Amino acid sequence: MNPEDFRRHAHAFVDWMADYMDNVQDYPVRSQIKPGEIASKLTASAPEVGEEMALIFEDFKRDILPGMTHWQHPNFHAYFPGNSSPPSVLAEMLTASMGAQCMVWETSPAATEMETRVMDWLRKMLALGEGFQGVIQDSASSATLVAILMAREKVSGWAANLGGLKECPPLTFYTSIEAHSSVLKAVKVAGLGESSLRLIGADDQFAIRADLLEETIEHDIADGYCPAGVIATLGTTGVGANDPVRAIGEICKAHDIFFHVDAAWAGSALILPEHRDMIDGIELVDSFSFNPHKWLMTNFDCAAHFVRSADDLVRTLGILPEYLKTVNQGQVIDYRDWSVPLGRRFRALKLWFVIRSYGVEGLQAILRDHIAWADELAGWIEADPEFEMMAPKRLGLVNFRYRPQELAEAEVDQVNETLLNRINDDGRIYLTRNKVGGRFAIRFSVGQTRTTEAHIESAWAVIKEIAQGL
Ligand code: PLP
């Protein structure tokens, strides 16, 4: 494609992008297609000769778009948000144009130096305190994996990196039964095995029970295990619960155990001073991560990971083959040694664009609105005799169910599953499922960039309308 053709197509694409963002609410939120429908529209083999971009674009609009679930739809209330914003998209356009690969300082000095600076902005915005250094990972799952690898190396005296797991004492890790599945995946990937992970019970607020944690650690020590790491969650995926950071941190300090906090979703709320009570005890934390790609208007993927000892991180992941040596070795940060993959995208740029464009106050205002609208929704649910809350509302997350008087208890789960499926098939809003205390719950998360109070009001009307038609 020559530069003039690129310019022409790019202008047309930008027009389409602006219209898409403006009109995204006209699409069904969750894709309504059946499995295999999109695959049947894709040619079985690659074309031998190049095709016209105009034709490819038409095919995209006609055949591919119906197979997309619209995460940027203002009625997207499923999972946690994966919210984007116009400034973030503009930064991604520049990043893609430069096609930068930022594995070491020399391969894009600006990317490295901006990453350091923007992570420090975030450290201050979240009031994490002094002593943390940040790096951008692709996902919270990667941050947890890296934290577990650091814990493994530290507790084994750096033995596993050298001699493999056979050199380690039997290591154990601890997390809550409410923790995200990425913790289990991380212990598997780290070679520690599922049996190394202790799932600790939660209290009636769904937070880990620190007393049970301590008891389990002490039993393990008595049984000859070597407790290596605790992974706490701020904003659990199911109900948004917060584990008690200070109580866990004190247990970790007493037993010299590595402490990672996974705040994938709730971490963004730390830009609001009124929600900082959840990091009481942060000075006891070794590693902390949250996802700007969830609730900070920054395109997927972007996970902010802070560690107290960058030296330990680099000692865990560092490699230095001849072909990666540069003249500035040792005088600059080479982020390749801070993450599992060698190659790195220029993710700092979109954060820099987003934070500068909205300003901290602009981002705070958006999150405060989301939280206030979730409060309103919880209020409507509580006031409606046909519905009930299934867990306390946390930040922008609401768990509820349909519970009319006349419905037999044994039927409630099935009826709610049917209700959820009908809501999502309807296409106007998109919600997801949960189990709370073993019972089916409908999970409503408020956090999309384009959501307004009116969208929450109309979503509640849709839920009631479809429930009444059951
Ligand atoms: N941790 C928590 C608490 C989550 O809620 C999620 C995803 O929702 C994750 C980790 C995984 O995030 P990622 O997709 O960035 O790996």
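**Entry 1: the ligand**

I started with the ligand in this predicted model. Fourteen residues surround the ligand, and I noted those that come nearest: A140, S141, T237, D262 and N291.

I then looked up polar side-chain atoms facing the ligand. The side chain of D262 puts an N or O atom 2.6 Å from a nitrogen atom of the ligand. For H293, I found a side-chain N or O atom 3.4 Å from a ligand oxygen atom. K294 also has a polar side-chain atom by a ligand oxygen, at 3.3 Å. So much for the ligand; next I wanted the overall layout.

**Entry 2: the domains**

How is the protein chain divided into domains? The assignment gives domain 1 as 1-30 + 69-84 + 359-470, and domain 2 as 100-345. I noted that domain 1 is written in three pieces, while domain 2 is a single range. Taken over C-alpha atoms, the centres of domain 1 and domain 2 are 30 Å apart. Their contact draws 26 residues from domain 1 and 29 residues from domain 2.

**Entry 3: the interface**

I looked up how much area the two domains bury between them, and found about 2,300 Å², with 67% of this coming from carbon and sulfur atoms. Which residues of domain 1 lose the most area to domain 2? They are F80, L367 and R394, and together they account for 28% of what the domain 1 side buries.

Then I went through the polar side of the interface. One salt bridge is counted between domain 1 and domain 2. I also looked at R368 and E274, which form a salt bridge with their closest N and O atoms 2.6 Å apart. Across the interface, 13 residue pairs are in polar contact, both partners being at pLDDT 80 or more.

Which elements of domain 1 give two or more residues to the side that touches domain 2? I wrote down α12 (348-383), β9 (397-402) and β10 (432-436). The most comes from α12, with eight residues. Sorted by type, the residues on this side of domain 1 are 13 nonpolar, 10 polar and three charged.

**Entry 4: backbone oddities**

Last, I checked the backbone. Most residues other than glycine have a negative phi, and most peptide bonds are trans, so I kept a note of exceptions.

One exception is W158, which is not a glycine yet has a positive phi of about 65 degrees. I found W158 in the loop between α5 (140-155) and α6 (159-163).

The other note is on the peptide bond joining F300 and D301, which is cis, with omega at about 5 degrees. D301 sits in the loop between α10 (292-295) and β7 (303-307).

Technical notes. Residues numbered from 1 in each chain as written. Predicted model: local features only at pLDDT ≥ 70, side-chain atom pairs only at ≥ 80, totals over all residues. Heavy atoms only, no water. Domains from an automatic or database assignment. Contact = heavy atoms within 4.5 Å. Buried area = accessible area lost by both parts, 1.4 Å probe. Salt bridge = Lys/Arg side-chain N within 4 Å of Asp/Glu carboxyl O. Polar contact = N/O pair within 3.5 Å; in protein donor to acceptor, adjacent residues only side chain to side chain. Helix = DSSP H or I, 4+ residues; strand = E, 2+ residues; numbered from the N terminus. Nonpolar A, V, L, I, M, F, W, Y, C, P; charged D, E, K, R; others polar. Near = heavy atom within 4 Å.
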